[in-house]
Amino acid sequence: MADITRRAGWRHLRSAPTAHVRHMRGGRLAHDGAGLSFWFRPRSAALSEVPVDDRELAMAFHARTADFQDVSVQSTVTYRIGDPATAAARLDFSIDPDTGVWRGTPLEQIATLLTETAQQHALDVLARTPLARALVDGVAAVRERITDGLAAEPRLPATGIEVVAVRVIALRPEPEVERALRTPAREQIQQEADRATYERRAVAVERERTIAENELASKIELARQEERLVEQRGTNARREAEESAAADAVRAEAEAVRKVRLARAEAEAAREVGEARAAAQTAWLQAHAAAEPAVLHALALARAAEQLPRIEHLTLSPDVLTGLLAKLGGSGGTGA
């Protein structure tokens, strides 16, 4: 919208860079261009303001497919007014000289023209397309058909309108039909998920079985090793006992030999001692046989005296001494 200010019967207009202003004065063109700023008299001026920027027009409409299913189409058309003079001549873009507001609704007219044209071409292509194919390829087909239809529409260039781009945002069936169509896909996805779950479980079970088998094989091998160890220990103990028995036998045999030799040596020594004693006894007897009887008696008394206990102190009482003297006196008298 143009910015208009008042000054003592004059008006000053200042437009935006994206607005094309045409000023007619007395049926003749006084100003024509975008982003203008000028003074004018409101009583003799005819003003038009045409936007020349790109504008987005959102459209939503219903259509029916070849299998009589309702679908909703959401699309956006980007357009601009490429010929402002033509547009101002065909549509009412005139503005109030006091307020700068459009007196008509030119943009609504353009929106109606574009919407009806695009809807016509979209309905035409969807009416020959089944719902399943429309949901798969319908967006591209509808976009292409609307683009071609708008490019071939003669009213648009005649009005100075250029279509910049066409976008089809969504093409959706009725909610009940959409739920019905989603059910098989959801079931298939669920089946795939279940199958993946079962496969993971099967893999997990197989891995657990493999682990259990490996553990069992390890235990079996360990038991075999333990059995071999026990056998080896028994063999070693048996060998140790045999070696110990053999060593004991050797030691016993050596001890027996030693004892035999010792006994023989002792017997030989005893024999020699006995012979020596016998020889000494024989010599002793021979010496006694050659000796005088008095000498033998003296030796016998000496030998007997050696066997008597040792007398260190002798106490003689008067009675013993008297008796002894009496015996000695009697002996002397008898001898006399």
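User: Why is Asp 248 called partly exposed in this model?

Analyst: In this predicted model, Asp 248 has a relative accessible area of 35%; since buried means under 20% and exposed means over 50%, the value falls in between, and Asp 248 is therefore partly exposed.

User: What makes the contact between Asp 248 and Arg 251 a salt bridge?

Analyst: The side chains of Asp 248 and Arg 251 meet at 1.8 Å, N to O, and a salt bridge requires a side-chain nitrogen of Lys or Arg within 4 Å of a carboxyl oxygen of Asp or Glu, so the pair qualifies. Both residues belong to helix H5 (residues 175-290), and because they are three residues apart there, about one helical turn separates them. Arg 251, at 49% relative accessibility, counts as partly exposed, because exposed would need over 50%. Elsewhere, Asp 54, Arg 80 and Glu 162 are joined into one network by salt bridges that share partners.

User: How do you know that Asp 124 and Arg 145 form a salt bridge, and which helices do they lie in?

Analyst: Their side chains meet at 2.3 Å, N to O, which is within the 4 Å that the term allows. Asp 124 lies in helix H2 (residues 106-126) and Arg 145 in helix H3, so the pair ties together parts that are 21 residues apart in sequence. Asp 124 also meets Arg 128 in a salt bridge, at 2.9 Å, N to O, and a search of the whole structure finds 18 salt bridges.

User: Which of Asp 124, Arg 128 and Arg 145 count as exposed or partly exposed?

Analyst: Arg 128 has 51% relative accessibility and so counts as exposed, the cut-off being over 50%. Asp 124, at 28%, counts as partly exposed, and Arg 145, at 27%, counts as partly exposed too, because partly exposed is the range between under 20% and over 50%.

User: What makes Val 136 eligible for a nonpolar surface patch, and which residues make that patch?

Analyst: Val 136, which lies in helix H3 (residues 131-152), counts as exposed at 65% relative accessibility, and so passes the requirement of over 30% relative accessible area for patch residues. The patch, of about 260 Å², is made by Leu 135, Val 136 and Leu 181.

User: Where does the annotation "domain: Band" lie, and what helix and strand content does the span have?

Analyst: According to an unreviewed UniProt entry, "domain: Band" covers residues 26-197. In the model, this span is 45% helix and 31% strand, and its end C-alpha atoms lie 84 Å apart.

Key: Residues numbered from 1 in each chain as written. Predicted model: local features only at pLDDT ≥ 70, side-chain atom pairs only at ≥ 80, totals over all residues. Heavy atoms only, no water. Patch = residues over 30% accessible without salt bridge, like charges linked within 9 Å, V, L, I, M, F, W, Y side chains within 5 Å. Areas by Shrake-Rupley, 256 points an atom, 1.4 Å probe, with all protein chains shown as cover. Helix = DSSP H or I, 4+ residues; strand = E, 2+ residues; numbered from the N terminus. Buried < 20%, exposed > 50% of the residue type's maximum accessible area, 1.4 Å probe, protein only. UniProt positions renumbered as here; feature names shortened; annotations may be inferred.
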